[in-house]
Amino acid sequence: MKDASPQTIYLSNYTPPAFLVEKVELTFHLNPEKTRVVSKIKFIPNPASQSGEFFLHGENLTLVSARIDGQEVTPTITETGLTCAVPNAPFTWEAEVEINPAANTALEGLYMSNGMYCTQCEAEGFRKITYYPDRPDVMAPFSVRIEGPHPVLLSNGNPTGAGDGWAEWHDPWPKPAYLFALVAGDLVNHPDTFTTRSGRKVDLNIWVRPGDEGKCAFGMEALKKSMKWDEDVYGREYDLDVFNIVAVDDFNMGAMENKGLNIFNSSCVLASPETSTDMNFERIEAIIAHEYFHNWTGNRITCRDWFQLCLKEGLTVFRDSEFTADMRSAPVKRISDVIALRGRQFREDNGPLAHPVRPDSFVEINNFYTATVYEKGAELIGMLKRLVGDDGYAKALDLYFDRHDGDAATIEDWLKVFEDATGRDLTQFKRWYEQAGTPRLKVTDDFKDGTYTINFEQETPPTPGQLRKDPRVIPIAVGLLNPNGDEVVPTTMLEMTGAKQSFSFDGLAARPVPSILRDFSAPVIVQRDSTNDERAFLLAHDTDPFNKWEAGRDLARDVLIGMVRDGAAPDDGYLEAMHAMLRDDSLDPAFRALALGLPSQDDIAQTLHETGATPDPQAIWDAGQTLRQAMAQKMQDTLPRLYAQHQVSAPYAPDAQQSGDRALANAVLGLLTRLDGGAQAQRQYDAADNMTQQLAAWGCLLQAGKGDAATAAFFDQWQDDRLVVDKWFSLQVVHADPADAVETCARLTEHPDFNWKNPNRFRATLGALAMSPAAFHRADGAGYALLADWLIRLDPVNPQTTARMCTAFETWARYDSTRQAHAKAALERILETPELSRDTTEMVSRILG
Ligand code: PHE
Ligand code: ZN
């Protein structure tokens, strides 16, 4: 739906709602094409507002009737809602509207997925269900009656009655409309119970399509662990009699925290050893925890307006990271989070889509569910915790829940509880929320008369609409090592507040080797001239697992840059250091698997770009291949031993230990395949009894150009499992040679199972191309053109997913003029499409700059 003149919305224009809602009663008469929604809403004038103007959001609704206090009224209806003359006193609004769930392909509002009814209301989907003040600062208790011929009829809160063809629900906790949910269909459940610490018994259910019952057990365990963890660590107890989770196949995002009725993309909840990888299991556990944790951080305390999105998302991501760190390995979680942060958020922060963690304007809020709001938002909380300490953090959080339970709060409220609980002034810290861009932290050092001095200088490059940046407070965790490898100064938290600042350590016998930004204590880019010897030393001796990993990564990055820019050969010092690391059996296998990985191609491209060079994606890919080959050769005697040593003989369990062993063995298999041409990978493929082993082996075969038989066999085996078929689409593109990945992708879009209207399938296929830099940025522009064709096709059907996938283009301006011209042409072709959605229009315009 083209919006004639997309409006920019500003944080500074916030005004409180004119009317508050005391309670809402909804009745749904379900029908695929003609669902009737009857609403009865008690409004009261808001004493905090002077406006008195009555406006209800509503889109794509057919109003059948409207009454105020029982009297028929005729509202003025526009594209975005309605207005009506109302009493200046409490009144009851009643309306009946008709909607068409079967025609709703955008997957926002009430829609259908495989014959099942389902809703998605965040951020502004409720207005597609009925007329309502669809803004998060209007909170109300909801009562819902659902009528329809479906065995399962679900909504938020507690069940209050049910019979043949109907069910009633009441949610006592006031909530904004974006947390409303309804599900109806022919579903089966995996039930369980949880007893809260105060002794209340809660019924838990995971609802799935018949046939998927066998894939719920892991998710249920994750849910119970999450409930327990939130009680133990944050003192937060669940607050309803039931907690329902529903799996749906058609979903734009990962999952949604609707009160008491979480709705999940089936890929984020269904799991079995045969069909899910270790990584899938870990991700499912984290997402279940994330949505559950929203019950307190998001639902009980929500956001005043959508500019405050990071209030719930940054905090909830931070909480789910803490949870995973507790359930599994903290260092491995931290390293994985930083890899993801650099891959997505740094890329965003250093391109045309850069925006503050709390943006101050937007056109379409759906475009702001970003790595910056989520992942950088979580990093800010980690920094706060480092600055005020664990006790300060615990006190601040207790105060936050005490003070703001039931509120729609702001970042100001959030920072105030930290100030009040700890006495610390956070004025400067607030800049992290307001300024976009990744600070560069330049580091130099001196040593004289036993005193070691580190000098820091911070600078943040300009971002769109924000040219000048003020210095931020940066917690820098530092440790010092003796030349013999012993730690002489344990981790110390330095607080940088100025643009330039120095810190000294005295009484040292020799010049130490610094370990800077331990545990990645702030989301910045460290710039320091360091030698490969020093990095190899840190890789061998650093006591901080993150910086140990980081040292190896820095080495790899410099080696790759040297290979790409100067045509250097693979550096033997690097190969030696990696080999030593790999053979060190005292190191966690999962850590070694991570350390064996190379920095991403995109990371190398960004680094080259920053040094003033024009990155060549094909050259970067080639360098990676050459380096991998050299690693394989260097380590050839070690690889078979390691591979054998880390085979898991116990029955499959997706726990940290087993998945660490498999991750290492499969990383080793990748190298081995470069030596044996795929013989071992084929044996592993043939013997695999779980998806982790099967997929890793098939990936190696594909990369070796020996995958055809496995590709056919894999499809044959899994064609009836849609989540595994997604993997089948994705991996063929991911592991294709960049020279023909575009053709592979195009061929797959002609496959009868390429249901392009399903976001998972679309992302598996086209998203895989977008994530393969050498293929997507192919010099002849074929990658850009293929993605543009499909985005143009998808936009009228599903604007939200289209707009998100436009981010594939966000790095276009760093490449050479030929590539730039092709990318620009593709972007302009998208932008010129008649009736282009507001979502995609905003994204493409911002990317073009
Ligand atoms: N609020 C959801 C989450 O983080 C994400 C989401 C946003 C889902 C918008 C659907 C639509 O957890
Ligand atoms: Zn969330």
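Reader: What makes the shell around ligand 1 five nonpolar, two polar and four charged residues by class?

Author: In this predicted model, ligand 1 is surrounded by Gln-120, Glu-122, Ala-123, Met-253, Ala-255, Met-256, Glu-257, His-290, Glu-291, Glu-313 and Tyr-369. Ala, Met and Tyr count as nonpolar and Glu as charged, while residues outside the nonpolar and charged lists count as polar. The shell therefore divides into five nonpolar, two polar and four charged residues.

Reader: Which elements each supply at least two residues of that shell?

Author: They are strand S20 (255-256) and helix H2 (278-293).

Reader: What is notable about the peptide bond from Glu-122 to Ala-123?

Author: That bond is cis, with omega near -5°. Most peptide bonds are trans. Ala-123 lies in the loop between strand S11 (116-120) and strand S12 (140-147), and both Glu-122 and Ala-123 belong to the shell around ligand 1.

Reader: Why is Asn-114 called partly exposed?

Author: Asn-114 has 14 other C-beta atoms within 10 Å. A buried residue needs 20 or more and an exposed one 12 or fewer, so Asn-114 falls in between and is partly exposed. Asn-114 is placed in the loop between strand S10 (109-113) and S11, and its phi is near 50°, a positive value in a residue other than glycine.

Reader: How do you know that Asp-519 is buried, exposed or partly exposed?

Author: Asp-519 has 19 C-beta neighbours inside 10 Å. Because burial requires 20 or more and exposure 12 or fewer, Asp-519 counts as partly exposed. Asp-519 lies in the loop between strand S30 (513-516) and strand S31 (525-527), with a positive phi near 55°.

Conventions. Residues are numbered from 1 along each chain as its sequence is written. Chains are lettered from A and ligands numbered from 1 in the order in which they are written. This is a predicted model: local features need pLDDT of at least 70, side-chain atom pairs count only at pLDDT 80 or more; totals for chains, interfaces and linings use all residues. Helices (H or I, at least four residues) and strands (E, at least two) are DSSP runs, numbered from the N terminus. A residue is near a molecule or strand if its C-beta atom, placed from the backbone, lies within 6 Å of it.
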